[in-house]
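Let's take a walk through this one, starting at a single loop residue and then moving on to how some of the helices pack.

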Amino acid sequence: MSKRIAITGGIGSGKSYVCGLLKDRGIEVYDCDAGAKHIIATSAEVRRRLTELIGNDTFLADRRLNKAAVAEFLLKSEANKKAINAIVHPAVMDDFLLSGKMWMESAILFESGCDKYVDKVVAVTAPADVRIERVMRRDNITREKAMEWISCQMSQEEILRRSDFEIINDGRQDVGSQLDDIITTIL
């Protein structure tokens, strides 16, 4: 039986880097973030439900998501966040399950409840200072903003506690050999 495996970890941990290594090994990975964006852009049902929930300004005249309106709605309450997630996350998981891919990348795997769709979870971790530097460099933001983003996510310790495997991506340890060991163990 084929197993479904998720790659997760906090911002700046290196999930995308690990997924690139999987691709180099011939393993396709479903990107939940890209999947959500595609579904929001193309699914009439998801678009209709989001518009009913958030309002007529959910989408711009050119049919793109009005990120400002959605962010304002999201920030008003935890209930609003859960309502949006209840529309988007099931559609993303359906898309993943139909994709035929056995691996997925999800930054909010546990928060979304999507962990119930996989058999094993690989957490990508890195020291806080390394993550902060990566996010600052990647997004051209201040240290304070990077720290704020990190603090809004599930803690790395909690992610690791809920995961089956860990890949330490600290810039010193060999990520490829860690990944190969996990692949061998899973398969």
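**A loop residue and two helix pairs**

Keep in mind that this is a predicted model. Start with Asn169, which sits in the loop between strand S5 (165–168) and helix H10 (175–186). Is Asn169 buried or exposed? Its relative accessibility is 7%, and because anything under 20% counts as buried, Asn169 falls in the buried class.

Who keeps Asn169 company? If you skip its neighbours within four places in sequence, Asn169 is in contact with Ser13, Gly14, Tyr17, Val124, Thr125, Ala126, Val130, Arg134 and Val175. With one of these, Ser13, there is also a polar link to point out: the side chain of Asn169 reaches the backbone oxygen of Ser13 at 2.9 Å.

Now swing over to helix H5 (residues 78–99), which packs against helix H2 (residues 32–42) at an angle of about 110°, with the axes 9 Å apart. That angle is why H2 counts as roughly perpendicular to H5. On the H2 side, the contact uses Cys32, Gly35, Ala36, Ile39 and Ile40, while H5 brings in Val88, Ala91, Val92, Met93 and Asp95. Sorted by class, these residues are eight nonpolar, one polar and one charged.

H5 also meets helix H4 (residues 67–76): their axes come within 5 Å and cross at roughly 125°, so H4 is oblique to H5. Here Val70, Phe73, Leu74 and Lys76 of H4 touch Asn80, Lys81 and Ile84 of H5. By class, that contact has four nonpolar, one polar and two charged residues.

Notes:
Residues numbered from 1 in each chain as written. Predicted model: local features only at pLDDT ≥ 70, side-chain atom pairs only at ≥ 80, totals over all residues. Heavy atoms only, no water. Axes fitted to C-alpha atoms, helices over the stretch in contact; angles between N-to-C directions. Helix = DSSP H or I, 4+ residues; strand = E, 2+ residues; numbered from the N terminus. Parallel < 35°, antiparallel > 145°, perpendicular 65-115°, else oblique. Contact = heavy atoms within 4.5 Å. Nonpolar A, V, L, I, M, F, W, Y, C, P; charged D, E, K, R; others polar. Buried < 20%, exposed > 50% of the residue type's maximum accessible area, 1.4 Å probe, protein only. Polar contact = N/O pair within 3.5 Å; in protein donor to acceptor, adjacent residues only side chain to side chain.
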